[in-house]
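Morning, everyone, and thanks for squeezing me in. I'd like to walk you through a structure, starting with its cysteines and moving on to charges and sheets. Here it is on the screen.

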Number of protein chains: 2
Amino acid sequence: MIPVDTSHSPYAKLRPVPLNAVTLSDSFWAPRLRTVREVTLPTQLTQLEQTGRLDNFRRAAGLLDIPRKGYVFDDSDVYKWLEAVYWSLLPLSHVGEGGQGGEVLPTILAAQQPDGYLNTAFMFDKAAQRWTNLRDWHELYCAGHYIQAAIAQTRATGDEQILTSARKFADLICDTFGPAEQGKRPSVPGHQEIEMALVELYRLTGERKYLEQAQYFLDARGHSLIGGSPYQQDHQPFRDLDRPVGHAVRFLYMTCGAADLYAETGDPALLEALTRLWERATSRQMYLTGGFGARHTDEAFGDDYELPNRQAYCETCAAIASVMWNYRMALLTGDARYTDLLEHTLFNAVLPGLSADGQHYFYVNPLANDGAHTRQPWFSCACCPPNLARLIASLPGYFYSSSNDFNRSPSSTTEVVTTNSSLGSNDFSRFSLWLHLYADNTLRYSLPDGTPLTLDIRTEYPWQGDITLTVHGQGPFALHLRIPGWCADPTLTLTLNGTPLDPAPIPGTYHEISRSWTDGDTLTLHLPMPVCFLEAHPAVAENTGKIALQRGPILYCLESADNPTANLDDLFLDLMQPPQTQYHPDLLNGLMTLHLPAEHRPPVEPWNHHLYRPLPSAQLQAVTPFPATAIPYYAWANRTPGQMRLWLKFMSPSFTPVLPNTQKNSETPAHA
Amino acid sequence: MIPVDTSHSPYAKLRPVPLNAVTLSDSFWAPRLRTVREVTLPTQLTQLEQTGRLDNFRRAAGLLDIPRKGYVFDDSDVYKWLEAVYWSLLPLSHVGEGGQGGEVLPTILAAQQPDGYLNTAFMFDKAAQRWTNLRDWHELYCAGHYIQAAIAQTRATGDEQILTSARKFADLICDTFGPAEQGKRPSVPGHQEIEMALVELYRLTGERKYLEQAQYFLDARGHSLIGGSPYQQDHQPFRDLDRPVGHAVRFLYMTCGAADLYAETGDPALLEALTRLWERATSRQMYLTGGFGARHTDEAFGDDYELPNRQAYCETCAAIASVMWNYRMALLTGDARYTDLLEHTLFNAVLPGLSADGQHYFYVNPLANDGAHTRQPWFSCACCPPNLARLIASLPGYFYSSSNDFNRSPSSTTEVVTTNSSLGSNDFSRFSLWLHLYADNTLRYSLPDGTPLTLDIRTEYPWQGDITLTVHGQGPFALHLRIPGWCADPTLTLTLNGTPLDPAPIPGTYHEISRSWTDGDTLTLHLPMPVCFLEAHPAVAENTGKIALQRGPILYCLESADNPTANLDDLFLDLMQPPQTQYHPDLLNGLMTLHLPAEHRPPVEPWNHHLYRPLPSAQLQAVTPFPATAIPYYAWANRTPGQMRLWLKFMSPSFTPVLPNTQKNSETPAHA
């Protein structure tokens with residue numbers, strides 16, 4: 001029940017809490033997980049069938065004599081779908097009509113070659129091409145996803161059918177690739193993924209060679225074994241990289257693998273590189289949504305501040321990979337900046353990839369559009385849909401962590417003095433639970449001594465910021481509550497049984513409350529959620545004179561569906577009046593809208609076919625008030641196609657009013 | 001002396017005036033032409049030598065036994081350089097030290113194969129690869145430039161050495177490529193160019209098969225003979241294209257070839273496509289500079305309104321190609337919109353490619369930069385430097401045209417009644433001279449009956465807009481003066497011998513003055529040159545809240561060299577006070593600077609590593625007056641590297657002043 005199991009990782013600060021220990025009962029995530037189980041997974045199975053991805057396995061298993069279809073990496077879509085089914089805790093045969101899902105696994109197992117090799121693209125007439133182009137043909141990428149499906153099956157069901165098969169494949173890979181002095185073939189995968197899969201396989205099996213193989217693949221990269229291109233991050237060793245470059249998903253999967261390796265090896269150069277690259281990425285190359293990969297060309301990171309809105313690539317898989325990376329960084333460090341970004345990315349860069357109906361997707365996520373970009377039921381390159389399914393299915397596993405020994409320095413701390421403790425000081429405060437994400441849920445867990453413990457969280461998050469946590473059970477331990485970095489409001493409070501805690505919690509940190517808890521103890525976290533107006537660094541060229549709207553963890557956008565009578569480019573928000581909010585339980589699975597006064601300033605003269613023209617004089621501009629309505633960005637493109645804008649113009653309060661014919665002689669020097 | 005000779009083209013409205021009929025004596029172009037002769041051409045010869053481009057010909061001629069160097073298209077750089085030398089009216093042996101230039105031509109001629117084939121990349125061991133990859137290997141592109149060098153030599157010197165050789169090559173091409181039913185090989189060049197060369201060769205020789213071959217290459221394109229990619233515009237027939245797409249230079253060379261074909265054939269579908277594509281390109285895909293090709297990827301046109309400033313590609317060759325296309329469109333139609341854009345592109349997109357010292361170049365022309373983009377003495381792909389040389393060397397040929405029969409509808413007309421004309425009405429007004437560009441110069445020409453005619457133009461254009469034209473000689477003819485479209489000032493005047501003409505001339509048209517001229521007649525055109533503030537269509541995302549400065553035909557930019565104490569992104573121009581101008585004869589070959597008051601608004605708090613943040617409150621912003629200095633955009637990057645911005649922020653006069661805590665209840669509706 002643990003996708004990333006750092007339970008025994010010597011260099012990880014946090015330990016996982018199994019996803020099945022968490023029961024979501026909220027109105028945001030719980031219905032989405034249900035939709036994944038009831039709509040997403042069955043419709044994806046239909047797509048896997050209709051597009052020939054399952055037939056490719058039937059062919060490989062000798063059940064069909066047909067040509068192979070699709071891309072060389074299409075097998076991975078089936079593996080990711082399998083992984084999603086297991087994290088959903090669904091029996092395979094319960095997915096699809098007539099138990100169709102039950103056929104998938106036996107077919108895959110039958111497709112494996114006697115020596116362990118498994119890839120439907122390189123069999124029969126193509127068998128001689130096996131391993132001949134690691135740069136472009138994705139065999140190790142597919143193998144990695146197969147290993148991850150195996151791990152999910154074993155952890156979710158205890159069965160080891162895939163695991164047995166995947167270990168055989170992994171053993172073949174370990175025997176094949178490595179240093180020449182070991183008689184192996186020096187090479188690395190063109191698309192990273194197998195690194196994290198092999199570390200996880202090591203965690204599951206205890207077999208150290210899988211860890212060493214992951215280490216080999218990370219270390220051998222950057223030495224031109226596959227051509228030396230930045231596209232595959234093969235131009236420089238990982239430890240030497242000073243910035244994210246090349247294909248975004250490959251880069252981000254690589255960072256996940258490196259973080260997993262650090263958790264096991266503690267190599268300080270890895271953590272230094274990870275920290276350096278995270279800081280560079282988030283300060284120069286990240287969309288406000290948390291999305292990465294600005295360029296359509298090569299699906300790549302852009303230059304510093306190259307973050308176009310309409311032309312954004314911002315692949316859904318890159319956002320998912322960023323969640324995976326940030327989760328690992330949080331496990332390593334317990335630093336709330338990573339969980340802040342994880343939550344932000346989840347709401348604002350991952351969720352936009354999935355439609356309200358759970359069966360249409362975005363691969364590319366622009367931040368501005370005029371209606372041409374619409375959700376699709378599938379893609380010829382279909383990495384994103386099953387990636388969304390497996391992340392959302394495993395989401396309860398991201399809510400909590402535990403730790404047994406922690407460094408308090410990154411957190412603000414409230415020590416509640418217990419005058420009558422019967423516990424040894426060594427035990428007191430050494431066990432902690434960490435709360436990363438908030439939603440109505442119940443955690444059923446136990447303290448290290450076996451004492452049952454239940455945490456009940458009641459909240460309307462992400463729509464309201466009041467969170468009540470009730471402890472059922474008792475004993476000494478610490479709670480680390482994530483105080484979201486988005487909450488800058490000074491009226492933020494945290495109370496224990498009605499008494500405000502002192503010192504007050506600091507946004508962007510974990511607030512530790514270490515005490516001996518009593519059944520019924522209640523924490524109340526009050527996170528005010530005013531609408532925040534965000535600006536971008538001036539070097540982000542498209543966002544000059546624009547702001548974005550955020551409330552709580554949710555970014556907003558304007559869509560034509562709610563503002564049908566205006567060209568969105570002609571609206572200027574009035575930021576001087578507080579926006580109003582309204583919850584709509586029946587709109588797009590339930591969401592909060594924002595309502596802001598704006599001015600509608602259509603062009604003085606129509607642009608017609610002009611691309612440039614002299615600036616019209618100010619007096620002629622027709623200005624009318626316009627009530628603007630914003631919806632969460634994740635919910636866009638679920639209604640009639642139209643305009644969408646995340647970055648919005650506004651009536652700038654910082655501009656000195658300058659009226660025509662007003663001379664300001666005292667302020668401006670004369671020129672010769 | 002005529003690069004594009006429409007003298008006998010049945011469907012061209014205008015006829016060329018030879019470039020050697022025009023003597024430039026101005027302080028803008030004349031020194032630049034001298035620099036091309038004295039600096040650019042000799043230093044380019046050195047580059048051709050040092051980079052092995054001349055050795056490739058020596059090798060091909062059997063004079064050297066060395067490996068071939070460089071790209072498959074490197075021969076074309078030598079041909080374009082040759083063409084530039086001829087249009088400069090320089091003897092080849094006068095270029096370079098020790099008469100080095102004189103060696104070039106004999107070596108090329110000796111490199112030609114017995115059957116006429118000439119390309120140094122496909123000889124000896126590579127001879128079998130001849131014509132095997134028309135899509136990528138540029139043999140026909142190089143052949144086109146060889147033909148154009150031949151035409152230049154013959155027209156400039158009367159010699160036919162290259163012409164004899166180039167015809168042999170052209171004959172081979174005509175015998176090789178064509179419809180299968182003629183026993184030929186159906187294919188088209190991956191990089192267009194030869195189409196216009198073959199039409200010009202037809203014009204020079206009268207050999208119709210060259211015209212037919214050009215027609216074949218245009219018509220066969222778009223039928224997937226070379227793969228069907230939009231990159232080479234092979235996805236759709238030219239006549240069906242609805243928008244510019246793919247590699248910009250290839251597209252623009254194709255339009256030149258299509259315009260040349262129309263001039264000879266009158267096929268209305270060609271003119272319709274040319275007009276449609278011009279209107280689409282200029283209304284959706286053109287930088288304010290006139291530059292084309294927004295994307296680095298594929299050196300391609302972007303989507304509609306995809307015009308990033310910092311990331312602009314905007315290849316110098318694409319601007320040159322646009323000048324060539326617009327010139328041809330003007331020849332076909334006599335429509336001033338084409339010469340308006342020709343002039344604008346020349347000053348603002350072509351000239352920026354050439355350094356003030358005449359020996360450093362830009363291939364890529366961003367509209368914003370922070371100092372990293374610097375001029376280079378050469379490029380491994382060196383198409384732009386000799387392309388600049390040949391265009392500037394032939395520039396006097398772009399100043400005038402003539403016509404013998406014209407349609408008056410696109411022009412505003414002043415008919416000066418001559419009460420005592422002794423001329424037959426058939427002759428009167430049928431001969432016209434068209435003035436496209438303005439600079440101090442003398443035209444020595446003759447009327448159709450042989451009467452000598454001299455026009456003397458005296459002006460400080462482009463720095464001042466007063467132009468005096470004196471006619472020496474007499475007779476009946478019309479003058480068509482281009483009234484630049486950039487001049488929107490109502491005080492524009494045109495006088496004949498001191499008397500204002502009525503009706504007044506209309507900017508963006510040719511103003512016709514048809515009369516019997518007397519020796520000493522003087523026209524005075526007064527074009528006021530206030531600084532114009534330009535805005536971009538709202539869909540050009542990076543230019544929101546920004547303006548550009550233009551004065552006369554010249555676009556301006558801010559550079560750190562003139563504004564060293566401010567981050568240019570923190571300057572907001574005050575548009576309410578008229579900018580001051582100052583001419584600097586010794587700055588970068590002489591130029592006019594603009595001086596504008598601005599406000600310096602550094603960030604309230606330093607951004608440090610933040611990429612996004614809450615909008616600071618207005619009261620905190622420190623604002624200081626700042627005297628900003630702008631220079632012509634063409635002159636940027638000739639001094640210490642620093643910031644450059646063409647699009648500039650300003651203190652918006654159209655924004656209603658909104659101050660914090662000011663409620664505007666009456667204007668904005670309440671929201672539920």
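Let's go straight to Cys383(A). Its closest cysteine sulfur belongs to Cys317(A), at 3.7 Å, and that is too far for a bond. The cut-off for a disulfide is 2.5 Å between the sulfurs, so this pair does not qualify. Please keep in mind that we are looking at a predicted model. Cys383(A) is also buried, with a relative accessible area of 11%.

Over in chain B, take Cys557(B). How far is the sulfur of Cys557(B) from the closest cysteine sulfur? The answer is 14 Å, to Cys314(B), again too far for a bond. Cys557(B) is buried as well, and here the relative accessible area is 0%. A search of the whole structure, over all chains, comes back with zero disulfides.

While we are in that part of chain B, have a look at the strands. Strand 17, residues 554–559, runs antiparallel to strand 22, residues 624–632, and three bridges join the two. Leu558(B), for example, has Ala630(B) in strand 22 as its bridge partner. Strand 22 of chain B also pairs with strand 20, residues 591–600, in the antiparallel sense and over seven bridges. In that pairing, Glu599(B) stands opposite Pro625(B).

Now to charges. Side chains of opposite charge can pair when their charged atoms come close. How many salt bridges do we count over all chains? The count comes to 80. I'll show you three of them.

My first pick is Asp260(A) with Arg328(A), where the N to O distance is 3.0 Å. Asp260(A) sits in helix 9, residues 248–265, and Arg328(A) in helix 11, residues 316–333, so this salt bridge ties together parts of chain A that are 68 residues apart in sequence. Both side-chain partners, Asp260(A) and Arg328(A), belong to buried residues.

My next pick is Arg601(A) with Glu599(A), a salt bridge at 3.1 Å from N to O. Are these two buried or exposed? Arg601(A) and Glu599(A) are both buried.

For the last one we go to chain B, where Asp55(B) and Arg58(B) form a salt bridge with an N to O distance of 2.7 Å. These two are three residues apart in helix 2, residues 53–60, so about one helical turn separates them. Asp55(B) counts as buried at 19% relative accessibility, and Arg58(B) counts as buried at 16%. The threshold is under 20%, so Asp55(B) at 19% still falls on the buried side.

Some salt bridges share partners, and in chain A that joins Arg155(A), Glu200(A), Arg203(A), Asp260(A), Glu264(A) and Arg328(A) into one network. You'll recognise Asp260(A) and Arg328(A) from my first pick.

Let me step back to chain A as a whole. DSSP gives it 13 helices and 24 strands. For 672 residues, a compact globule would have a radius of gyration near 26 Å, and chain A agrees with that at 26 Å. Along the principal axes, its C-alpha atoms fill a box of roughly 85 × 75 × 60 Å. Buried residues make up 63% of the 672 in chain A. Among its contacts with a separation of 6 or more, 70% are between residues 24 or more positions apart. Chain A exposes about 22800 Å², with carbon and sulfur atoms supplying 50% of that area.

Finally, the sheets. Chain A has an open sheet of seven strands in the order 2-7-8-9-14-11-12, with antiparallel pairing. Which strands stand at the edges? In chain A they are strand 2 (22–24) and strand 12 (499–500); each has a single partner strand, so one side of each is left without a neighbour in the sheet. Further in, strand 9, residues 466–472, and strand 14, residues 522–526, of chain A pair in the antiparallel sense over five bridges. There, Thr470(A) stands opposite Thr522(A).

Chain B has an open sheet of seven strands too, in the order 2-7-8-9-14-11-12 and with antiparallel pairing. In this sheet, strand 8, residues 452–459, and strand 9, residues 466–472, of chain B pair in the antiparallel sense over six bridges. One of the partnerships is Leu455(B) with Val471(B) in strand 9.

That's my tour, folks. I'm happy to go back to any view you like.

Key. Residues are numbered from 1 along each chain as its sequence is written. Chains are lettered from A and ligands numbered from 1 in the order in which they are written. Side-chain values use heavy atoms; hydrogens and water are left out. Buried means under 20% relative accessible area, exposed over 50%, partly exposed in between (1.4 Å probe, protein chains only). Two strands pair if DSSP finds at least two bridges between them. Helices (H or I, at least four residues) and strands (E, at least two) are DSSP runs, numbered from the N terminus. A salt bridge is a side-chain nitrogen of Lys or Arg within 4 Å of a carboxyl oxygen of Asp or Glu. The radius of gyration is taken over C-alpha atoms; the globule rule is 2.2 Å times the number of residues to the power 0.38. Contact means heavy atoms within 4.5 Å. Accessible areas come from the Shrake-Rupley method with a 1.4 Å probe; for residues, only the protein chains shown count as cover.
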